[in-house]
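Please look over the sequence and the structure below. A short report on a sheet, its cavities and one loop residue follows.

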Amino acid sequence: MPDIDPSRLSLERKAALLSGQDFWSTRPGPDVGLPSVVLTDGPHGVRRQVGEFDHMGIYQSLPSTCFPPAVAVGSSWDPEVAARVGAAVGREARALGVHVVLGPGVNIKRSPLCGRNFEYYSEDPLLSGHLGAAHVRGQQEQGVGASLKHFAVNNQETDRMRVSADVDERTLREIYLPAFEHIVTEAAPATVMAAYNRVNGVHAAQNRWLLTEVLRDEWGFTGAVVSDWGAVHDPVASVRAGLDLEMPGPSPENARRIVDAVRDGELDEHVVDIAVRRIAALTGLAAERSDETDGSPGSYGFDADAHHRLARELAAECAVLLRNEDSTLPLASAQRIAVIGEFAATPRYQAGGSSHLNPTRLDNALDAIRESATAHGSTVEFAPGFTPDGSGDAVALREAAVAAARSSDVAVVFAGLAESAESEGFDRDDLCLPAVQVDLIRAVAAEAARTVVVLSNGGIVSLEGWHDEVDAILEGFLLGQGGGHAIADLLFGAANPSGRLAETIPLRLEDNPSFVNFPGEQGHVRYGEGVMVGYRWYGTTGAPVRYPFGHGLSYTTFAVGDLAVESTGADSARVSLTVTNTGARAGKHVVQVYVATEAGPVRRPARELRAFAKVRLAPGESRTIGFDLGRRAFAHYDVRDDVRDDVRYDVQDGGWAVAPGEYLVQIGENAATVIAEAAVSLAGDAVAQELTLESTFGEWIAHPVVGSTLLQELTAALPEDQGSQLGDRPELLQAVRDVPMKRVVGLVEGDALDETLERLMERTRVVCRP
């Protein structure tokens, strides 16, 4: 790993190294042994540009394999799928002379309207973190660095360069930071990308709390922090906060400002030296290849045919079978099949923006269905039904499609969103399919003997207005360049659907917990739903949804039994269960482990995903699966302030606390349906519940040490006429429940209570377990 002595370089030279030499590469220093590092967009493929440059997918890039994007990988619920995507991207990056591929993106899907949701895995941080870590490990094992993005709280495209995401710390720690934390601590990405937005008023690219105190001091990150392209507003503040590399470059004006800040005493030169050393370490990714490739595209090579086959294989793991009435799927042999919808012939397989790739080839579902139909003795008639851009005669297209459906045994309608409807750079306005497609689905369903809908979309779409009229729905999301054959394999049963929803499909957009606060106003977006994001909200409020987080059907059936949970310490437990394939086909089942509790001083969601595993089982096969749940599976982030510090946990890992009490370990068919559960009691963290005069009267009454005798003590200390009222007037006790004790004391004449209260407070100044 290259290292340099910053004292050998002038201040001007060091400042220049802190920004790129051009749009995609770092500034070299051949005289001090620093090669240039090439960074390029990802993460589901390599967008390597060698001509005109941009970060919005406008200009052409070299051909590379378009693997399933994160929206699809998230639905696989399979770290192996993520790892194989990462490894293949790494191999292609080497072939194309790239040292760092920008990704994965692990931002939480707070709102289904976010225009970039196709690049993110899930609404759940644990699922996102485990998939992202697998991708990073797979990619970096090929010698290609990852850039974990977008750090942090980058959950919308509206006003993304300036908007302040205003989030309380508990919500940050429990929802928006854990995926980043897991990947940093478990997979050690080469770089972390600072986001465009502000976090609680401070730009992420110059947020010291985020980039240094949390990322480096707490999580131990040792790599380089790079800005999103154009995210630096104040270069001096960014360097001071812990940003190492501003992209793109060059930025001579910003370099001059850094030099001036050092000379004026505003910035310590030692901070600049540290950033230079981190960039020098990053160049090790380029130095290690010096004997293998000249760094030019194509000098290493990759097997495009093998990678296309891999893209097809992985795509089949990602689609989610939402509905399958009367076993409509898989398609039977010797059927007349009407394939309807232009997306069957012109596939929607990726989205717009910086991750938009130039695929090495592209399957379409229509050709694949025809091929499979021939093998099954079936026939296929195709009708486009609509045009993705809304042009053409909608009525004539629909009538032709309905005629084809009427003479078929089954109609397969391909519907979804055009690429122009969702992209980096803007958010969606609603969840609706285009009206022309809804009209088409309903018209076809009214005439066809059976109707299957195959969806292609980067963000979830509403199924309302037509859901109950069709027999089966296969949610493909965006499946990459091999998606066409994967869909045919799933329709005909050559592959068994095993995807599960990584985000909730609501009945209405208005039901989403972020609805009233998204995308914000006047430069701020308030995360008012707190930790109640996605399924946490729906489960806690009991709001009905169309399909819950974790939902997905199979062509076989599974049973779960023998659930056992035992504590393995004060804050940990071991879970075991048996999964059996009770059907006639081999298939994969996703075991989903949730934890529910009411223990502790904060409102917890109804349940939270705490572990998962995807297992393949042959017909009749059983397997015992075990999970070790550590303290984070039971913890909440304890936020204390200077006003109310009467409940303190004796913990060793910052603010994370495990409250003593009972926890339910639940096995979910999905986030809404619990199929087995078992309770476990945990001693949790020792807790000091110290009472002060700032504690409320209600907190005094509820205290485990003095609460039971408090009224007796107070009655004895007060004059008889006042003391007797405490027991005789319950409405008085209720009225002062939330009043600090010092205010209650102020209502009593004299100092009769002072000695008694001091004695009681002294009894609470010990560590105890309630």
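How many cavities of 30 Å³ or more are there? The count comes to five. A cavity here is a set of points on a 1 Å grid over the protein atoms alone, where a 1.4 Å probe fits but cannot get out. Points are joined across faces, edges and corners, and the volume is the space filled by probe spheres set on them.

This is a predicted model, in which local features need pLDDT of at least 70, side-chain atom pairs count only at pLDDT 80 or more, and totals for chains, interfaces and linings use all residues. Residues are numbered from 1 along each chain as its sequence is written, and side-chain values use heavy atoms, with hydrogens and water left out.

**The largest cavity**

The largest cavity holds about 120 Å³ of space. Its lining has 19 residues; a lining residue has an atom within 4 Å of a point. Pro347, Arg348, Gly483, Gly484 and Ile487 are the closest to its centre. β13 (451-456) and α16 (483-492) each supply at least two lining residues. The largest share, three residues, comes from α16. Helices (H or I, at least four residues) and strands (E, at least two) are DSSP runs, numbered from the N terminus.

By class, the lining has eleven nonpolar, six polar and two charged residues. Nonpolar covers Ala, Val, Leu, Ile, Met, Phe, Trp, Tyr, Cys and Pro; charged covers Asp, Glu, Lys and Arg; the others, Gly among them, are polar.

**The sheet**

Four strands form an open, antiparallel sheet in the order β21-β20-β26-β27. Strands pair if DSSP finds at least two bridges between them. β21 (608-617) and β27 (674-682) are the edge strands, each pairing on one side only. β20 joins β21 over nine bridges and β26 over six. The table gives three pairs of opposite residues.

| Residue | Partner | Partner strand |
|---|---|---|
| Val591 | Ala613 | β21 |
| Tyr594 | Gln666 | β26 |
| Val595 | Val665 | β26 |

Why is β20 largely enclosed by the rest of the structure? Because ten of its eleven residues are buried. Buried means under 20% relative accessible area, exposed over 50%, and partly exposed in between (1.4 Å probe, protein chains only).

**A loop residue**

Glu157 lies in the loop between β3 (145-151) and β4 (164-166). Is Glu157 buried or exposed? Glu157 counts as buried, because its relative accessibility is 3%. Leaving out residues up to four places away in sequence, Glu157 touches Gly115, Arg116, Ser423, Glu424, Gly425, Phe426 and Asp427. Contact means heavy atoms within 4.5 Å.

Conventions:
On a 1 Å grid over the protein atoms alone, a cavity is a set of points where a 1.4 Å probe fits but cannot get out, and a pocket is an open set with protein on both sides within 12 Å along at least five of seven lines; lining residues have an atom within 4 Å of a point.
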